[in-house]
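Student: Could you take me through one helix of this predicted model at close range, looking at which of its residues are buried and what they pack against, and then follow the packing outward from there?

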Amino acid sequence: MTQPQTPAIEVAWTVLDTPIGPLLLAATGQGLVHVAFRTGEEEAPAVLERICSRLGAAAARRPGSASAAGARLDEAIPQVEAYFAGTRHTFDLDFDWSLTTGFNRRVLRELSAGVPFGSVVGYQDLANRVGEPGAARAVGTAMGSNPLPVVVPCHRVLESDGGIGGFGGGLRMLDIKRSLLALEGVLPEPLF
């Protein structure tokens, strides 16, 4: 007798055009699972392959609200669009934390819950908040591996001296961090 197969996790996804470039959003039935910067239609298949491989999932493009993953994606799209339009300051979304574990997950959950729109936090302060005062550098690593940037606002984490700090991916990514902080009123708008 053969065992029934466990259905694969479905990942619904779309690409949004935003002021910081194309943004891929991916969701499972549990919630938003991944946000990828600079990921348009051409780059999406490679990103989705990595996500699906890690989740043991099958990708589908916006399957509609008939599926749990599609419904979660449909909840996220207008909220992300409203954030970039400047009309939304919080996200009311469920997250699927499957792409992060342990310390990184604890830090990202604290960041999501405890650092509101228009505010910033230092790496050391965030380490203190999760009860790991010696882990400021590890907080930086957690920010660099954040699978849900923008909605879990790693752009709000700055160096203790007030410097902008890093933002994975080099100088072009620092421009994105500056743009997000400007959108939230933390920094002045870039001149060009």
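Tutor: In helix H3, the buried residues are Phe103, Asn104, Val107, Leu108 and Leu111. Around the helix axis they cover an arc of only 130 degrees, which puts them on the same side of H3. The length of the helix can be checked as well: at 1.5 Å a residue, the 13 residues of H3 should span 18 Å, and the C-alpha atoms at its ends are 18 Å apart, which agrees. As for what lies against that buried side, the residues concerned pack against strand S5 (121–122), H4, H5 and S6.

Among the buried residues of H3 is asparagine 104, whose side chain makes a polar contact of 3.2 Å with the side chain of serine 145. Leaving aside neighbours within four places in sequence, asparagine 104 is in contact with Ala138, Ala142 and Ser145.

Of these, Ala142 brings us to helix H5 (residues 136–144), where the buried residues are Ala136, Val139, Ala142 and Met143. They cover an arc of only 100 degrees around the axis, which puts them on the same side of H5. The face turned away from that buried side carries Arg137, Thr141 and Gly144, which are exposed. The cover over the buried residues of H5 includes helix H3 (102–114), helix H4 (123–129) and strand S6 (157–158), so the packing of H3 against H5 described above can be read from either helix. Two of the residues met so far, Leu111 and Met143, also appear in the largest nonpolar core, which has 49 residues and in which Leu32, Phe37, Leu111, Met143 and Val151 have the most contacts. The largest share of this core, 7 residues, comes from helix H2 (residues 68–85). Apart from it lies another core, of 15 residues, among them Val11, Val15, Ala26 and Leu55. Leucine 32, when residues up to four places away in sequence are not counted, touches Leu25, Ala26, Ala27, Ala76, Leu93, Asp94, Phe95, Asp96, Leu148 and Val151.

Ala27 leads on to the strands, for in S2 alanine 27 is the bridge partner of alanine 12, while in S4 the bridge partner of alanine 12 is alanine 60. Strand S1 (residues 9–18) has 7 of its 10 residues buried, so it is largely enclosed by the rest of the structure. With strand S2 (residues 21–28) it is joined by 7 bridges in an antiparallel arrangement, and the two strands form a hairpin with 2 residues between them. With strand S4 (residues 57–61), by contrast, S1 runs parallel, joined by 5 bridges.

Two loop residues deserve a careful look at their backbone. Most residues other than glycine have a negative phi. Arginine 38, in the loop between strand S3 (31–37) and helix H1 (44–55), nevertheless has a positive phi of about 50 degrees, and with a relative accessible area of 31% it is partly exposed. Valine 150, in the loop between H5 and S6, also has a positive phi, near 80 degrees, but at 2% relative accessibility valine 150 counts as buried.

Methods: Residues numbered from 1 in each chain as written. Predicted model: local features only at pLDDT ≥ 70, side-chain atom pairs only at ≥ 80, totals over all residues. Heavy atoms only, no water. Core = buried A, V, L, I, M, F, W, Y, C linked by side-chain atoms within 4.5 Å. Buried < 20%, exposed > 50% of the residue type's maximum accessible area, 1.4 Å probe, protein only. Helix = DSSP H or I, 4+ residues; strand = E, 2+ residues; numbered from the N terminus. Contact = heavy atoms within 4.5 Å. Arc of directions from axis to C-beta. Expected span 1.5 Å × (residues − 1). Pairing = 2+ DSSP bridges. Polar contact = N/O pair within 3.5 Å; in protein donor to acceptor, adjacent residues only side chain to side chain.
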